[in-house]
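Here is a friendly walk through a two-chain model, from the overall fold down to single residues. Have the structure open beside you as you read.

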Amino acid sequence: MLTGRVFDIQRCSVHDGPGLRTTVFLVGCPLRCAWCHNPEAFSGDTARALTPDDVMAEVRKDRAFYDASGGGLTVSGGEPLLQPAFVRALLALAKAEGFHTCVQTSGAVSDAALRDVWPLVDLFQLDLKHQDSARHAALTGQGNGDVLATARRLVEWGARVEFRLPVVPGFTDDAENLDATAHFVASLGVRALTLVPYQRTYLGKYAALGLRARCADVTPPGREALQHVAARLQQAGLAASIAG
Amino acid sequence: MQLDVPAGAAAAVPFSCPAPPGLRLGLHPKNAAMKARLLSAEHALCFERARYATEVYRATEGQHPSLRAAKALARVLEKMTIRIEPEELLVGNRASRPIAPPIAPERGDFTFVFRYLLEDLEAFGYRLTEEDRRLLFDELIPAWDGKTVRDAKLAALEAHGLSSTLNASPVELLRKLRAFGVAPLARLVAPRGETTHLLARLPRLLAAVKAGAKDNLKGRGRCTDTQAHLVPGHKNVLAKGFSGLRDDARARLAKGVTPEQRGFIEAVVLTCEAMRDFSRRFAVLARAEAERADAERRTELLDIAARCERVPWLPPRTFAEAVQALWFTQNAIIISYGAGSGITPGRVDQLLHPFYAADVVRGALTRDDALRLLEELVIKLNDNVVIWPNIGGVELNHLGSDVENITLGGVGRDGEDATNELSWLFLEAVENTKLATTASFRVSPKSPPEWVRRVVALHRTTNAPAFLNDETAVAALVNDGYALEDARDYCLVGCVEPSGNGDTFGATGGTKVYFPTALDLVFHRGRTTFFGNQDGPDTGDPRAFRDFEALLDAFFTQLEAMVQTATEATRLRDAIWAERFHNPLLSSTIDGCIERGRDMTQGGARYNFGAVGGGGLGTVVDSLATVRQLVFEERSVTMDELLRALSLNFRGHEALRQKLLAGPRFGVDDAKVDALARRIVDRFCDLVRAQPTTTGGHFKASLISYGLNVYEGALEPATPDGRRAGEPLSNSMSPSNGAEKKGPTAALSSMARIDQAKIGYGNSLNVRLPLGLLDSSAGVDAVAALVKGYFARGGFHVQFNAVDAATLRAAQGRPQDFPDLIVRVSGYSAHFTRLGRRIQDDLIARAELSPC
């Protein structure tokens with residue numbers, strides 16, 4: 001039987017796409033981002049093997065709340081597209097029942113996985129972490145080639161994509177990166193970018209798992225810093241909004 | 001409704017932010033001054049109402065009860081100290097000192113407080129002068145000794161064998177209290193949580209517990225001394241004035257009356273005229289003060305005088321007259337009934353809108369002037385404090401605790417959306433005043449799209465507003481016998497009880513039973529652990545139950561006996577009111593009473609009901625579901641082991657307690673547990689509904705706890721959900737504290753599985769919101785979606801608590817008590833207690849900054 005390796009299902013998520021959502025977190029990720037909020041995705045220790053039907057049984061429970069808010073199902077991780085067959089089956093069931101679908105991807109995924117899944121996705125959320133491939137590798141463990149290619153492909157195919165820039169002070173918010181990100185997004189014909197401010201609340205998870213977070217000492221950006229970033233992107237012609 | 005009782009209650013009143021100079025943002029400056037005075041007012045007592053009424057009652061022995069009440073009220077309104085505060089446009093004070101509750105000694109509940117709980121009052125800052133003490137202990141209490149509703153009720157309960165008193169020596173009593181743990185005991189004794197004087201307070205505590213226990217019904221039920229809890233006929237006063245009501249009464253007299261009816265009708269005439277004279281006292285005072293005032297204030301005072309010369313005697317013609325008439329009426333009714341009566345103004349946006357619209361059309365009223373009056377009205381609706389006795393304590397002792405609930409929005413009598421400009425303006429007034437206003441926001445599928453969202457945003461500045469679902473409420477009211485148009489015109493009484501608009505003798509509160517007691521009775525073959533008397537039927541040895549259904553049968557048998565006892569006690573109490581203590585003022589305004597020539601206590605109103613509240617649903621559902629699973633399905637625990645552990649309050653049985661704590665829970669969208677909850681609620685509603693009231697109606701069920709679940713749990717032994725003896729019960733219909741482990745949508749889904757239209761007097765659900773959620777527009781949308789989604793599934797009421805710094809600090813100190821406290825900072829949520837200290841400190845600091 002087709003199963004996915006799921007480490008959490010969170011109902012009533014409000015920041016994983018439009019409206020109230022149920023977010024399904026899948027195990028496994030090709031990246032190791034310095035500020036990763038879900039380190040439990042690295043190992044499968046806490047994962048359960050669930051069928052798409054198992055997951056849908058949970059997703060269906062909040063239909064009334066999706067209807068009231070324009071919400072639905074979000075598949076996240078980890079990197080969900082490391083399990084493309086499961087994600088495809090899950091999304092197919094969700095679409096058949098009329099749910100809005102969102103996929104949060106790192107972009108570091110295969111072309112084949114993307115092709116299989118994208119027609120079933122109402123909204124992709126894709127992080128652009130750094131435009132300098134060497135810096136990207138230093139921050140995430142991989143260069144940005146796959147991520148940028150994924151971005152281009154999705155836009156070319158006509159998928160709806162929300163590009164997001166994690167604002168991690170000292171890591172991603174340098175002027176060169178902001179300008180290069182704006183340039184890249186504009187080159188795709190996209191006019192909007194969401195800023196995702198760095199938060200510290202995930203650090204407890206690292207402590208619980210006995211891990212050390214590489215960003216532990218970073219102070220979250222203040223409102224002014226965020227507005228400064230937004231202003232710089234706006235100068236480059238992008239509508240930058242702050243998530244949360 | 002959930003009130004933060006009692007620790008830190010006064011501190012829970014939020015302060016307003018200073019507005020930038022020169023700009024009208026937020027509260028009108030005059031209202032800001034009024035509010036500041038209200039917040040700084042010291043707790044005070046006033047015995048004028050008590051004294052004047054006592055004089056009249058003494059002099060009128062043997063007369064018709066309506067006439068006695070009318071004469072007593074007329075004397076009070078004629079003699080009581082009146083004053084006009086420097087910022088007021090609306091006048092009409094309630095007592096000689098700000099926030100002093102009017103005391104109605106005939107009820108007897110106040111006597112109990114003064115006799116046994118004076119120390120509690122003093123701990124709250126109440127000061128009695130020597131003259132107060134003399135008046136109270138040498139005159140008032142002796143004058144009413146044996147004659148109050150409470151005295152008569154206790155005698156009737158004893159005569160009918162309905163009470164379950166405490167026959168314990170002081171030593172035994174102390175042992176019993178100790179068995180319930182020191183912490184809950186301290187909660188009972190110390191109004192503000194201090195425990196140092198525990199020993200010094202013990203003798204008083206024991207006396208209070210023994211005296212309070214006389215009020216204990218068989219099966220731990222409770223039936224308060226008061227009825228009330230209704231919506232006056234403000235609509236009739238605004239339409240006709242008290243002159244019109246007097247004319248109605250005279251016309252009724254002309255049609256021919258029995259001597260009994262004549263007494264009531266004459267009393268109505270008398271009270272209507274007393275209302276005229278009362279407002280004219282204020283007119284005289286305003287004119288006198290105008291002499292001494294500066295030019296601006298002189299104009300205001302002369303306007304006040306002109307209004308008081310007209311209303312509430314004649315029907316209002318302008319918006320300002322209408323608001324004044326409403327306030328006079330509301331105020332005088334509460335003076336007449338005494339504080340703590342749950343008398344609520346009702347649909348104020350609907351009542352006042354015709355006057356507002358007419359003024360606006362005439363160009364005679366600006367939006368700002370209207371807002372100023374509404375802000376002042378809202379402040380005045382918070383200018384009250386209730387002193388309620390409970391076993392060993394005083395409750396609800398904070399501003400606004402008399403819950404003069406205002407109902408806003410919803411459909412009109414024609415079924416179309418009736419949200420109007422005043423609904424929005426009232427919302428603004430509630431927001432600007434930032435007080436603990438009890439405001440109920442009705443929601444229907446026809447409500448304006450922005451309505452829910454706008455009310456959600458109120459949480460950023462004020463305490464939790466309540467959302468009510470018109471579809472479920474109207475269905476419930478029709479089910480209970482209301483005409484559809486009348487049902488659509490419902491108002492919220494007290495906390496969340498839907499009741500008719502000026503056409504109903506509702507008595508929506510006061511009588512209560514606790515579900516966990518039924519289980520306690522099952523476990524001890526009809527005896528409660530604390531009192532030890534044979535209160536209920538012997539439902540057999542629980543060790544011999546063959547299956548869960550046998551246990552549940554026994555539970556329902558006990559519950560039925562409890563409901564029978566509680567309603568019988570209520571009927572006895574209601575008969576005392578009907579025989580001795582009438583309220584012609586309130587009755588004159590309510591549809592039906594003049595026509596029938598009968599006081600509301602005698603069934604004069606068009607619609608008549610009583611109420612039985614059920615407490616601790618979450619606790620009992622969790623307990624039963626856990627017993628079902630562990631004892632009857634898995635058979636991993638025997639009934640004998642369980643009963644032994646419960647009787648020892650889990651001492652030496654911690655492993656078993658942990659197992660119980662991990663059992664199934666209500667509130668996590670578990671269909672099997674939720675079905676059990678539904679079954680219990682269904683049965684409870686049916687049992688209650690089958691009981692008649694003395695006024696010709698039937699009882700309706702409610703599942704609300706007024707925030708008193710802390711007290712309710714105090715005498716309740718350990719329960720099979722792992723709860724220790726004396727700990728709080730679950731509140732209202734909400735899941736137990738700590739059980740909402742799957743988030744708000746799961747909790748709402750569990751609640752929605754209960755057939756809520758069966759619960760005639762409502763239920764309340766409190767959802768704690770993650771910190772920071774409302775900071776973003778997406779968060780406000782999300783909460784609005786929770787409301788709409790829940791209501792689409794038949795939910796009746798919901799309100800949200802945004803987590804405050806005090807809660808976070810408490811969670812930091814006692815993490816074991818806050819397992820489900822979720823904090824959210826933008827895109828990430830976490831269990832607060834699992835976060836590191838530094839981040840916790842961050843979040844606390846942020847919570848402290850966020851209220852404005």
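## Overall picture of chain B

Of the contacts in chain B with a separation of 6 or more, 78% are between residues 24 or more positions apart. Please keep in mind that this is a predicted model. Chain B has 852 residues, and 61% of them are buried. Its secondary structure amounts to 33 helices and 16 strands.

## Domains of chain B

According to the domain assignment, chain B holds domain 1 (1-40 + 341-501), domain 2 (49-159 + 231-337) and domain 3 (511-764). Taken over C-alpha atoms, the centres of domain 2 and domain 3 of chain B are separated by 37 Å. Between these two domains, 32 residues of domain 2 of chain B touch 22 residues of domain 3 of chain B. On the domain 2 side, the elements of chain B that give two or more residues are helix H3 (65-79), helix H7 (149-159), helix H11 (234-254), helix H12 (259-292) and helix H14 (319-337). By class, that side of domain 2 of chain B has 21 nonpolar, 7 polar and 4 charged residues.

## Where the chains meet

Now turn to the contact of the two chains. Here 26 residues of chain A are in contact with 28 residues of chain B. In chain A, at least two residues each come from strand E1 (4-13), helix H2 (63-69), strand E8 (192-197) and helix H8 (203-209). H2(A) gives the most to this side of chain A, with 5 residues.

The table sets out the class make-up of two contacting sides.

| Side | Nonpolar | Polar | Charged |
|---|---|---|---|
| Domain 2 of chain B, touching domain 3 of chain B | 21 residues | 7 residues | 4 residues |
| Chain A, touching chain B | 12 residues | 9 residues | 5 residues |

## The sheet of chain A

Chain A has an open sheet of 9 strands with mixed pairing, in the order E3-E1-E2-E4-E5-E6-E7-E8-E9. Strand E3 (48-50) and strand E9 (239-242) of chain A are at the edges with a single partner strand each, so one side of each has no neighbour in the sheet. Ignoring direction, neighbouring strands of this sheet are turned by 30° against each other on average. Within it, strand E6 (residues 123-127) of chain A pairs with strand E7 (residues 161-167) of chain A in the parallel sense over 4 bridges. A:Gln125 stands opposite A:Glu162 in E7(A).

## Helices and a residue in chain B

Two packed helices are described by the angle between their axes and the distance between the axes. Helix H1 (residues 29-40) and helix H16 (residues 367-381) of chain B pack at an angle of about 5°, and their axes are 10 Å apart. H1(B) and H16(B) are therefore roughly parallel to each other. From H1(B), B:Asn31, B:Met34, B:Lys35 and B:Leu38 meet B:Arg372, B:Glu375, B:Glu376 and B:Ile379 in H16(B). This contact has 3 nonpolar, 1 polar and 4 charged residues.

Is helix H4 (residues 109-116) of chain B enclosed by the rest of the structure, or left open? With 6 of its 8 residues buried, H4 of chain B is largely enclosed. The buried residues are B:Asp109, B:Phe110, B:Thr111, B:Phe112, B:Phe114 and B:Tyr116.

Finally, look at B:Gln812 in helix H32 (residues 805-813) of chain B. B:Gln812 is partly exposed, because 18 other C-beta atoms lie within 10 Å, while a buried residue would have 20 or more. The C-alpha atoms of B:Gln812 and B:Leu314 are 58 Å apart, with their positions 498 residues apart along the chain.

Conventions. Residues are numbered from 1 along each chain as its sequence is written. Chains are lettered from A and ligands numbered from 1 in the order in which they are written. This is a predicted model: local features need pLDDT of at least 70, side-chain atom pairs count only at pLDDT 80 or more; totals for chains, interfaces and linings use all residues. Domain bounds come from an automatic or database domain assignment. Two residues are in contact if their C-beta atoms, placed from the backbone, lie within 7 Å. Ala, Val, Leu, Ile, Met, Phe, Trp, Tyr, Cys and Pro count as nonpolar, Asp, Glu, Lys and Arg as charged, and the others, Gly among them, as polar. A residue is buried if 20 or more other C-beta atoms lie within 10 Å of its own, exposed if 12 or fewer, and partly exposed in between; C-beta atoms are placed from the backbone. Two strands pair if DSSP finds at least two bridges between them. Axes are lines fitted to C-alpha atoms, for helices over the stretch in contact, and angles run from 0 to 180 degrees between N-to-C directions. Angles under 35 degrees count as roughly parallel, over 145 as roughly antiparallel, 65 to 115 as roughly perpendicular and the rest as oblique.
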